[in-house]
Amino acid sequence: MGFEEARRRLVEYLRAAGFLRSERVARALLRVPRELFVPPEYRSLAYEDRPLPIGYGQTVSAPSVVARMTELLDPRPGERVLEVGTGSGYQAAVLAELVAPSDWPPEGWGHVWSIERIPGLAERARRNLEAAGYAGRVTVVVGDGSRGYPPAAPYDAIIVTAAAPQVPPPLVEQLKPGGRLVAPVGDRWAQRLVVLRKGPGGRVEVEEDIEVLFVPLVGEYGWEA
Ligand code: SAH
């Protein structure tokens with residue numbers, strides 16, 4: 001079975017299992033070649049619904065978790081999105097496919113900023129994104145994303161893909177009124193997805209979603225290394 005067929009089957013499975021409901025997110029998952037974001041030795045497992053090691057003790061999330069978080073975030077064409085925890089760059093590519101769809105004119109494209117604390121991973125993610133055709137739609141920066149990324153703020157949507165003890169306050173500040181934030185919040189060994197919405201007047205509402213397990217967010221508003 002080729003990668004394309006494996007990708008189609010994975011998306012079918014994610015739909016049947018209830019992880020995937022939106023047609024837009026399904027289309028994005030069908031377009032992003034996950035095999036280009038995992039280390040060569042794991043390529044044959046790229047379309048299994050499981051997290052995979054990406055080096056430096058970090059992992060790329062399982063496709064079902066990427067699907068669920070992306071649906072909760074609901075990125076729209078033209079929007080500005082921040083991802084905290086670039087890792088392999090796969091989630092950033094899925095976000096780019098939604099804010100800057102491949103079949104849209106670049107004038108209408110939004111943009112993804114993704115911040116990673118480990119320089120070696122950021123470099124690898126840049127190369128993965130380039131190879132998959134997303135270099136112009138995603139900017140990878142190195143730093144402590146628990147403080148957000150002020151130079152490109154404010155954002156329509158912010159996604160945190162590392163486990164946080166709390167929603168980092170700078171991220172809420174860097175969200176536009178009407179913006180959404182999705183983050184795994186809890187202790188080191190179990191978290192729950194939190195969906196935060198900032199109303200037009202700046203009022204914040206928080207909802208909880210499924211239980212998840214992420215590597216820790218390490219930084220000023222995260223955990224100590
Ligand atoms: N979204 C990624 C997977 C993220 S794994 C993907 O699609 O592959 C979590 C990542 O968050 C790791 O690479 C880890 O180094 C990074 N990370 C942890 N704390 C961070 C922080 N404070 N700022 C930026 N990145 C952080």
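User: What volume does the largest cavity have, and how should the term be read?

Analyst: The largest cavity has a volume of about 30 Å³. On a 1 Å grid over the protein atoms alone, a cavity is a set of points where a 1.4 Å probe fits but cannot get out, whereas a pocket is an open set with protein on both sides within 12 Å along at least five of seven lines; lining residues have an atom within 4 Å of a point. Grid points are joined across faces, edges and corners, and the volume is the space filled by probe spheres set on the points. By this rule, one cavity of 30 Å³ or more is counted. The model is predicted, so local features need pLDDT of at least 70 and side-chain atom pairs count only at pLDDT 80 or more, while totals for chains, interfaces and linings use all residues. Residues are numbered from 1 along each chain as its sequence is written, and side-chain values use heavy atoms, with hydrogens and water left out.

User: Which residues line the largest cavity, and which element supplies the largest share?

Analyst: Helices (H or I, at least four residues) and strands (E, at least two) are DSSP runs, numbered from the N terminus. The lining consists of R7, L10, V11, L14, L29, R34, Y47 and Y90. Helix α1 (residues 3-16) gives the largest share, four residues. For classes, Ala, Val, Leu, Ile, Met, Phe, Trp, Tyr, Cys and Pro count as nonpolar, Asp, Glu, Lys and Arg as charged, and the others, Gly among them, as polar. On that basis the lining has six nonpolar, no polar and two charged residues.

User: What is the volume of the largest pocket, and which residues are closest to its centre?

Analyst: The largest pocket holds about 610 Å³ of space. It is lined by 37 residues, of which T59, T161, A162, F214 and V215 are the closest to its centre. Elements that each supply at least two lining residues include β2, α3, β3, α4 and β4 (111-116). By class, this lining has 20 nonpolar, 13 polar and four charged residues.

User: What lines the second largest pocket?

Analyst: The second largest pocket, with a volume of about 160 Å³, is lined by M1, G2, F3, A6, R9, L10, R43, S44, L45, A46, Y47 and E48. Seven of its lining residues are nonpolar, two polar and three charged.

User: Is T161 buried or exposed, and what does its side chain reach?

Analyst: Buried means under 20% relative accessible area, exposed over 50%, and partly exposed in between (1.4 Å probe, protein chains only). T161 counts as buried because its relative accessible area is 12%. This residue sits in the loop between β6 and α6 (169-173). A polar contact is a pair of N or O atoms within 3.5 Å; within protein, one must be able to donate a hydrogen and the other to accept it, and residues adjacent in sequence count only if both atoms are side-chain atoms. The T161 side chain reaches the backbone oxygen of G85 at 2.8 Å.

User: How many residues of α3 and of α4 are buried?

Analyst: In helix α3 (residues 63-73), eleven of eleven residues are buried. Helix α4 (residues 90-99) is also mostly covered, with ten of its ten residues buried; Y90 is among them.

User: How many residues surround the ligand, and which atoms does it approach?

Analyst: A residue is taken as near a molecule if one of its heavy atoms lies within 4 Å of it. There are 26 residues around the ligand, the closest being S88, E116, D144, G145 and V218. An N or O atom in the side chain of D144 is 2.9 Å from a ligand nitrogen. Backbone N or O atoms also lie by ligand nitrogens, at 3.2 Å for R117 and 3.5 Å for G143. The protein covers 99% of the 580 Å² of accessible area that the ligand has on its own.

User: Where is backbone geometry unusual?

Analyst: Most residues other than glycine have a negative phi, and most peptide bonds are trans. Y56, in the loop between β1 (52-55) and β2 (58-60), has a positive phi of about 60°. Y56 counts as partly exposed because its relative accessibility is 47%. D74 follows α3 and has a positive phi of about 50°. Its loop runs between α3 and β3 (80-84), and D74 is partly exposed at 31% relative accessibility. The peptide bond from A153 to P154 is cis, with omega near 0°; P154 lies in the loop between β5 (138-142) and β6 (155-160).

Conventions. Areas by Shrake-Rupley, 256 points an atom, 1.4 Å probe, with all protein chains shown as cover.
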